[in-house]
Amino acid sequence: MSVLAEFAGVGLGLAYLLLAIRQQRAAWIAGAAASLIFVFLFREAGLTMQALLQLFYIAVAVHGFYHWGAAGDPEAPRPHRAPLTHHALWIVACVLLAAFTTLLQTGSSDIRTWLDGLSSWGGVLATLLVARKVLESWLYWIVIDLLTTALYLLASLYATAALYAVYTILAYIGYREWRKHHTNPSSPGSATSANG
C-alpha cells in the first residue's frame with residue numbers, strides 16, 4: 001500500500017481522536033474510514049492482529065455512532081467511571097489473551113508478536129470503553145499507544161508510529177477533558193447524561 005494511503009489513514013485517525021476528545025459523534029465516521037485504510041496497510045505489513053483489530057474498530061464505530069446520540073441530546077451518555085474490579089478483570093483478560101495469541105502465532109515469546117497481541121486486545125477493550133464513554137478508557141489508550149508506537153517502529157511504519165506517539169499525548173488530553181465533563185456535567189460542550 002502506498003505512503004499516501006498511510007498518511008490518509010494517519011490524518012483520519014487524528015481526526016477521529018480529536019473529535020472523540022470533544023465527544024463529537026462524527027469521530028466514529030472518521031475512525032471507521034481510518035480503520036478501513038489500516039486493514040489493508042497492516043495486512044501488507046504482516047501485522048495480522050492489527051489488521052483484524054481494524055475490522056473490529058469499524059464495527060465498534062457503528063455502535064459508537066449510535067450510542068453517542070446527536071449533539072445536544074439530553075439522553076446521550078456522559079463520561080463515567082467503571083468499578084476497579086472491572087478494570088482488574090479487563091487487564092488480566094487482555095494479558096492472558098495476548099499471551100495466548102502470541103503462542104498461537106509463533107510458539108515463542110517474540111516481542112513483535114507479543115506487542116501486536118497486547119496492543120490489539122488492549123485496543124479492543126479501550127475502544128469498547130470509549131464507545132460506552134468510560135472515563136478510564138483514555139488511561140488504557142495512553143499505555144496502548146506507547147506499546148503500539150514501539151510495535152510500528154519495529155515494523156518500519158514510521159508515519160504510523162508518529163501518529164501513535166501523538167495519540168499518546170492526545171489520550172492524556174482526552175482523559176483530562178472527559179474528566180472535566182465527568183466531574184462538572186454542566187460545563188460547556190457537555191451535552192451528556194450520567195449513564196454510559
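**Close-up views of the predicted model**

**Figure 1. Ser156 in the loop between α6 and α7.** At a relative accessibility of 45%, Ser156 counts as partly exposed, because the partly exposed class takes in values from 20% to 50%. The model shown here and in the other views is predicted. Ser156 sits in the loop that leads from α6 to α7, a helix covering 158-183. The phi angle of Ser156 is positive, near 60°, and the residue is not a glycine.

**Figure 2. Overview of the protein chain, with seven helices and zero strands.** Along the sequence the elements follow the pattern α-α-α-α-α-α-α. The protein chain has 196 residues, and 48% of them are buried. Of the contacts between residues at least 6 apart in sequence, 72% join residues at least 24 apart.

**Figure 3. Packing of helix α2 against α3.** Helix α2 spans residues 27-45, and its axis lies 8 Å from that of α3. The two helices pack at an angle of about 170°, so α2 and α3 are roughly antiparallel to each other; the cut-off for this class is an angle over 145 degrees. On the α2 side, the residues that meet α3 are Trp28, Ile29, Ala32, Ser35, Leu36, Phe38, Val39, Phe42 and Arg43. The α3 side of the interface is made up of Gln50, Ala51, Gln54, Leu55, Tyr57, Ile58, Val60, Ala61, Gly64, Phe65 and Trp68.

**Figure 4. Helix α3 from end to end.** Helix α3 runs over residues 48-68. With 21 residues, α3 reaches 30 Å from its first C-alpha to its last, close to the 30 Å expected at 1.5 Å a residue. The buried residues of α3 are Met49, Gln50, Ala51, Leu53, Gln54, Tyr57, Val60, Ala61, Gly64, His67 and Trp68. Among the residues of α3 that meet α2 are Gln50, Ala51, Gln54 and Tyr57. Gly69 follows α3 and has a positive phi, near 70°.

**Figure 5. Surroundings of Gln54 in helix α3.** Gln54 has a relative accessible area of 2% and is therefore buried, the cut-off being under 20%. A polar contact of 3.2 Å joins the side chain of Gln54 to the side chain of Ser35. Leaving out residues up to four places away in sequence, Gln54 touches Ser35, Phe38, Val39 and Phe42. These four residues belong to the part of α2 that meets α3.

**Figure 6. Helices α5 and α6, with Lys133 in the loop between them.** The axes of α5 (residues 111-131) and α6 (residues 137-154) come within 9 Å and cross at roughly 150°. That angle makes α5 roughly antiparallel to α6. The crossing of α5 past α6 is left-handed. Lys133, in the loop joining the two helices, has a positive phi near 60° although the residue is not a glycine. The relative accessibility of Lys133 is 1%, so the residue counts as buried. Lys133 and Arg78 are 55 residues apart in sequence, and their C-alpha atoms are 6.5 Å apart in space.

**Figure 7. Ala171 in helix α7.** Ala171 has a relative accessible area of 1% and is therefore buried. Apart from neighbours within four places in sequence, Ala171 is in contact with Trp138, Trp141, Ile142 and Asp145. Between Ala171 and Leu17 the C-alpha distance is 8.1 Å, with a separation of 154 residues in sequence.

**Figure 8. Leu18 in helix α1.** Helix α1 covers residues 3-21, and Leu18 has its place there. The relative accessible area of Leu18 is 45%, so the residue is partly exposed. Leu18 and Ile173 lie 155 residues apart in sequence, with 9.6 Å between their C-alpha atoms.

How values were computed: Residues are numbered from 1 along each chain as its sequence is written. This is a predicted model: local features need pLDDT of at least 70, side-chain atom pairs count only at pLDDT 80 or more; totals for chains, interfaces and linings use all residues. Side-chain values use heavy atoms; hydrogens and water are left out. Buried means under 20% relative accessible area, exposed over 50%, partly exposed in between (1.4 Å probe, protein chains only). A polar contact is a pair of N or O atoms within 3.5 Å; within protein, one must be able to donate a hydrogen and the other to accept it, and residues adjacent in sequence count only if both atoms are side-chain atoms. Contact means heavy atoms within 4.5 Å. The expected span of a helix is 1.5 Å times one less than its number of residues. Axes are lines fitted to C-alpha atoms, for helices over the stretch in contact, and angles run from 0 to 180 degrees between N-to-C directions. Angles under 35 degrees count as roughly parallel, over 145 as roughly antiparallel, 65 to 115 as roughly perpendicular and the rest as oblique. A crossing is left-handed if the near helix is turned anticlockwise from the far one by less than a right angle, and right-handed if clockwise.
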